Amino acid sequence: MNRRDLLATSAAALAATALPAQARTPGAPMPKTAPVPPVAKKIPVRIEQLGRVRVDDYQWMKDDNWQAVLRDPTLIKADVKEHLTAENAYREAMMASTLPLQAAMFEEMKGRIKEDDSSVPRADGPWEYFTEYKTGDQHPRYMRRPRAGAGDPQLLLDANVLAAGKAYSEVSAAEHSPDHALFAYAEDAQGSEVHQIFVKDLATGEVLPDPIGSATGNFTFSPDSQWIFWTNRDDNGRPDKIFRRPVRGGEATLVYEEADEGMFISVSRTADDAFVVISIANQETSEGRVIPASDPTATPMVLEPRQVARLYEADHWGDRWVIRTNADDSVDFKIVEAPTTTPGKANWKDLVPHTPGRYIEGVALVKDYIGRQERADANTRIIIRDRAGAEHEIAVDEPAYSLSLAGASEFDTTVMRYGYNSPSTPTSTYDYDLKSRERTLRKVQEVPSGHDPADYVVERLNAPAADGELVPVTVLRRKSTPVDGSAPLLLYGYGSYGIPMAASFSTNRLSLVDRGWIFAIAHIRGGSDKGWNWFLNARKMTKKNTFTDFIASAEHLIARNYAKAGNIVAQGGSAGGLLMGAVNNMRPDLWAGVIGQVPFVDVINTMSDTSLPLTPPEWPEWGNPIEDAEAYDYMMSYSPYDQVEAKAYPAVLATGGLSDPRVTYWEPEKWVAKLRPATTSGKPVLLKINMEAGHGGASGRFDYLKEVAHDYAFAVWAIDRGWEPDRARRPVSGFEGPGIGPGCVGVHGHEVADLIAGRAGVAPIGPEGIGTGVLDTQGMIARP
């Protein structure tokens, strides 16, 4: 599996005592009259489906040529571009008073990043591989150095040079060949997740001719380093084929083609380099096909035929297969083993039996040990098992934390790596000797502006849902912030695809928390925070549990005096943006503001459009409204776009990216167009479309922080009612909490969480505002 190796760097420019609030210096001048919002034209389109009729006034916003627009955003229809440009201009004018706050937050967030940082090197054979940033760099430099320490570091790729002159550039995957002679990387140059894969000869420094185009970004070398395998992305943005070609160039050969457009595919190597594995999966069904290292041009062999509602993933452990699966009603998964030559289910033997409520998230293998990551009650733990079956746990003692197993880069080792952090504690990276059980601290995340975990309180609450379930809620606040309902609160949620929300550290959140805000994460159903059943109980015909859990979390925080109704800002992205749209309709009275980042809000239309990349693969998650009337009716009952009606909505910010293939730009655009004339509150409904990026926003680490700062400034603005005439002529103040008063200086936020990349590791990533997810083997699973 190719995973992004993101540096866990977060820093700030100010000293770490009480973080100052926004300076009360004059802001950008406000116009004498309020900005006039764009009025979207209405072109009613009647849609009849399963005997039901709906009318969509804003379907024109979808560019009929969207596939081409993803690859070249300049091809967008003129009327759509005109409307998006007007929406961006209106938002900028409305939020002009927040510019000093945005700038201050950006400088804070940037100041919390150690700019000249590097990852902990990962040993593999004669080399140690790592990434680094130089001061001022937006993008990483990929490096290696001799393992013994004799010799200078070698630059493999400077992604800053690659990005020069481009509005967007992201290296989504990078990998060296097993013989260490070549280095390959996949670049997305539009934000559309359509990649080119380049191969570099490390002896000559030459980037070989004929890069691979139209790829998902997923690739791997054959174990003998003679071939490169990759996943193709078709014209509709779906992964559909696996190809192979000689590693230094030559004719491409089709290795596998997936006939079911509802399945994702990817390619990787096993931990012991004994096989190339083709993984085929959607949210509920999977299949593996394997190619032996001894014959990399062989036809892939099916490991175990796919069966609906059965999931499995296989890795090879020297002399046997090790398989994580939900087979035999193992809802929270178990681990089985099977012989190398006869890996089918008939030969599966339990290695780690199923235990209800203990969800096995992933497995990492080295020669004589298995590491597994488990989740229960919204926390994680790591278990180590040797070949004889003896087990021990890597223990942690905090009420809420994030523990992530990153595995190892080589098979013949007794050392695995893991990371630890909590909402108040920066990331620590450890190398753990599986035999001696000794751990070595390799790195502690530096916060240059200073950070003392003792200044903060992390709490875990349990909010009672309507059906009696207890929803975990993680709370972060300064010790000095009162719990009397006076503090503003940001409540973050996701709740889809079984993706849990980690109780992790984010320096960006401090730009709110140090201003007297309380930051809370609702571990709602739809994620796997309390096991796989936590996910299964909020999908398809039970999806509304996700929304009511979030509302229950807000109500519990209010009941416990952490907040007051109308003094909460709700935030979520992608499928978490669906959550935002739903709770905005269901309980608008609870929120001062709602931030829907790349929000999946046009559910019925999207899940009825089979041309879109994620529609057929996601019917197992949402239901199929094209063929199932019951699914249509249930989906329509919560679809945020379709349920907009005249009511007093809070202030709303919707964001998107023009080249986003997961949540297309027209979803937030249509939502805003329908919300603005419907709201009776007089509060603003704003749209921000990044015309040069996709699902994840800006690619550079500093440009990304500006987007976070913008969103957090909106949260402050919403609480402060900064659009009102008597307020809009001064800068948005921020909250004057303990230690934060007039005359101080202040800051901004959006998080890229620490990902300690491991070949077989379990490494969740958590960009705030796009939903926290696990990087998928397919290159684009779901909408995290």
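In this predicted model, Lys-674 lies over the face of Tyr-641, at 4.6 Å from the ring centre. A second pairing of this kind places Arg-478 over the face of Tyr-456, where the distance to the ring centre is 5.3 Å. These two contacts between a charge and a ring offer a point of entry to the aromatic side chains.

The structure holds 22 aromatic pairs. One of them joins Tyr-634 and Tyr-638, whose ring centres are 5.7 Å apart and whose planes meet at 75°, so the pair is edge-to-face. The angle decides this class, because planes over 60 degrees apart count as edge-to-face. Both tyrosines belong to helix α11 (residues 629-638), where a spacing of 4 residues separates them by about one turn of the helix. Tyr-634 is buried, and Tyr-638 is buried as well.

Another aromatic pair is formed by Phe-714 and Trp-717; this one is tilted, with 5.8 Å centre to centre and 45° between the planes. The two residues lie 3 residues apart in helix α13 (residues 701-720), and are therefore separated by about one helical turn. Phe-714 has a relative accessibility of 0% and so counts as buried. Trp-717, also at 0% relative accessibility, counts as buried too. Elsewhere, Tyr-142, Phe-183, Tyr-185 and Phe-198 form one aromatic cluster.

The wider setting of these side chains is a protein with 14 helices and 39 strands. Of its 784 residues, 66% count as buried. Among contacts with a separation of 6 or more, 62% are accounted for by residues 24 or more positions apart.

Strand β7 (residues 170-176) illustrates one way in which the strands are arranged. It is largely enclosed by the rest of the structure, because 5 of its 7 residues are buried. Its partner is strand β8 (residues 182-188), which runs antiparallel to β7 and is joined to it by 6 bridges. Within this pairing, Val-171 has Glu-187 in β8 as its bridge partner. The two strands form a hairpin with 5 residues between them, and His-180 in the turn has a positive phi of about 65°.

A parallel arrangement is found further along the chain. Strand β34 (residues 568-573) and β35 run parallel and are joined by 6 bridges. Gly-572 stands opposite Gly-596 in β35. Between the two strands the chain passes through α8, and the resulting β-α-β crossover is right-handed. Strand β35 (residues 591-597) is largely enclosed by the rest of the structure, because 7 of its 7 residues are buried. On β35 there is also a pairing with strand β36 (residues 651-657), made by 5 bridges, and these two strands run parallel. Gly-593 has Ala-651 in β36 as its bridge partner.

The connecting helix, α8 (residues 575-586), has 12 residues and reaches 17 Å from its first C-alpha to its last, close to the 16 Å expected at 1.5 Å a residue. Since 11 of the 12 residues of α8 are buried, the helix is largely enclosed by the rest of the structure. The buried residues include Ala-575, Gly-576 and Gly-577, as well as Leu-578, Leu-579 and Met-580. Also among them are Asn-584 and Asn-585.

Two individual residues show how single positions within strands are surrounded. Ile-521 lies in strand β33 (residues 518-522). Its relative accessibility is 3%, so Ile-521 counts as buried. Apart from residues up to four places away in sequence, Ile-521 touches Pro-472, Val-473, Thr-474, Leu-491, Tyr-492, Met-501, Ala-502 and Arg-509. Phe-550 is 29 residues from Ile-521 along the chain, and the C-alpha atoms of the two are separated by 9.5 Å.

The second of these residues, Ser-402, lies in strand β26 (residues 402-407). Ser-402 has a relative accessibility of 13% and therefore counts as buried, because the limit for that class is under 20%. Neighbours within four places in sequence aside, Ser-402 is in contact with Thr-380, Gly-419, Tyr-420, Asn-421, Ala-502, Ala-503 and Ser-504. Ala-502 thus appears among the contacts of Ser-402 and among those of Ile-521.

Key
Residues are numbered from 1 along each chain as its sequence is written. This is a predicted model: local features need pLDDT of at least 70, side-chain atom pairs count only at pLDDT 80 or more; totals for chains, interfaces and linings use all residues. Side-chain values use heavy atoms; hydrogens and water are left out. The expected span of a helix is 1.5 Å times one less than its number of residues. Buried means under 20% relative accessible area, exposed over 50%, partly exposed in between (1.4 Å probe, protein chains only). Two strands pair if DSSP finds at least two bridges between them. A crossover is right-handed if, with the strands pointing away from the viewer, the path from the first strand over the helix to the second runs clockwise. Contact means heavy atoms within 4.5 Å. Rings of Phe, Tyr and Trp (its six-membered ring) pair if their centres lie within 6.5 Å; planes under 30 degrees apart count as stacked, over 60 as edge-to-face and the rest as tilted. A charge sits over a ring if NZ of Lys or CZ of Arg is within 6 Å of the ring centre and within 35 degrees of the ring normal.
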